[in-house]
Amino acid sequence: MVLELVLKNIGRDMFGGTSFVFQQDGAPAHTSNVTQSWLHDNFPGFITKEEWPPYSPDLNPMDYSVWSILETKACVNSHTSIKSLKRKLCQEWTKIPQKTLRAAIEALPDRITRVTQMREAILNKIREICFVSES
């Protein structure tokens, strides 16, 4: 299982013995019962697929930071195959400084606050529109 071979080591290497929260996107391989169960058992701060808001790139460091870095670096030249693109993405991933990755992760609490505030503002606007018109 990729999780056992790779993910556990990445968590250990990046965070040492400190606590961290593991979150992922909603790809089918990520949301399978086997995967969810393994993550729950191996990552105390794991956020389940039911708890994490769907389609929230604003709340995923890979989406709001890392993918744009990888795309900029790996797609400077066209690729003739998927294999070539994957190879280049892996090469560029290893070149991203830990400082950059940590900054993306440390930006998450502020992003959560802003998303929550926006959600509340949108809900309030909907309430105004829906309930004011009824009076």
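Trainee: Among contacts in the protein between residues at least 6 apart in sequence, what share joins residues at least 24 apart?

Mentor: That share is 56%, where a contact means heavy atoms within 4.5 Å. Before you lean on any of this, remember that the model is predicted: local features need pLDDT of at least 70 and side-chain atom pairs count only at pLDDT 80 or more, while totals for chains, interfaces and linings use all residues. Residues are numbered from 1 along each chain as its sequence is written, and side-chain values use heavy atoms, with hydrogens and water left out.

Trainee: How many helices and strands does the secondary structure come to?

Mentor: There are 7 helices and 0 strands, so the pattern along the sequence reads α-α-α-α-α-α-α, with both kinds taken as DSSP runs numbered from the N terminus (H or I over at least four residues for a helix, E over at least two for a strand).

Trainee: Why is Glu92 called buried?

Mentor: Buried means under 20% relative accessible area, exposed means over 50%, and partly exposed is in between (1.4 Å probe, protein chains only). Glu92 has 8%, so it falls under the buried cut-off. Over the protein, buried residues make up 24% of the 135 residues.

Trainee: What makes Lys88 and Glu92 a salt bridge?

Mentor: You need a side-chain nitrogen of Lys or Arg within 4 Å of a carboxyl oxygen of Asp or Glu. Lys88 and Glu92 come in at 3.1 Å, N to O, so they pass. They sit 4 residues apart in helix α5 (residues 82-95), about one helical turn. An α-helix has 3.6 residues a turn, so residues three or four places apart point the same way.

Trainee: Which residues are linked with Glu92 in a network of salt bridges?

Mentor: Lys88 and Lys95 are. The closest N and O atoms of Lys95 and Glu92 are 3.5 Å apart, and these two residues are 3 apart in α5. Lys88 is partly exposed at 25%, whereas Lys95 is exposed at 56%.

Trainee: How many salt bridges turn up in the whole structure?

Mentor: The search finds 3. One of them joins Asp110 to Arg114 at 3.0 Å, and that pair is 4 residues apart in helix α7 (residues 108-132). Asp110, at 43%, and Arg114, at 41%, are both partly exposed.

Trainee: How do you know which side of α3 its buried residues are on?

Mentor: In helix α3 (residues 33-42) the buried ones are Thr35, Gln36, Trp38 and Leu39. They cover an arc of only 165° around the axis, which puts them on the same side of α3; the arc uses the directions from the helix axis to the C-beta atoms. The face turned away carries the exposed Asn33, Val34, His40 and Asp41.

Trainee: What makes Leu5, Val6 and Ile10 a patch?

Mentor: Patch residues have over 30% relative accessible area and no salt bridge; nonpolar side chains (Val, Leu, Ile, Met, Phe, Trp, Tyr) are joined within 5 Å and like charges within 9 Å. Leu5, in helix α1 (residues 2-15), is exposed at 61%, so it clears the 30% bar. Together the three offer about 260 Å² of accessible area, by the Shrake-Rupley method with a 1.4 Å probe, where for residues only the protein chains shown count as cover.

Trainee: And how many disulfides are there?

Mentor: The count is 0, the rule being a pair of cysteine sulfur atoms within 2.5 Å. Cys75 is partly exposed at 42% and Cys90 is exposed at 53%.
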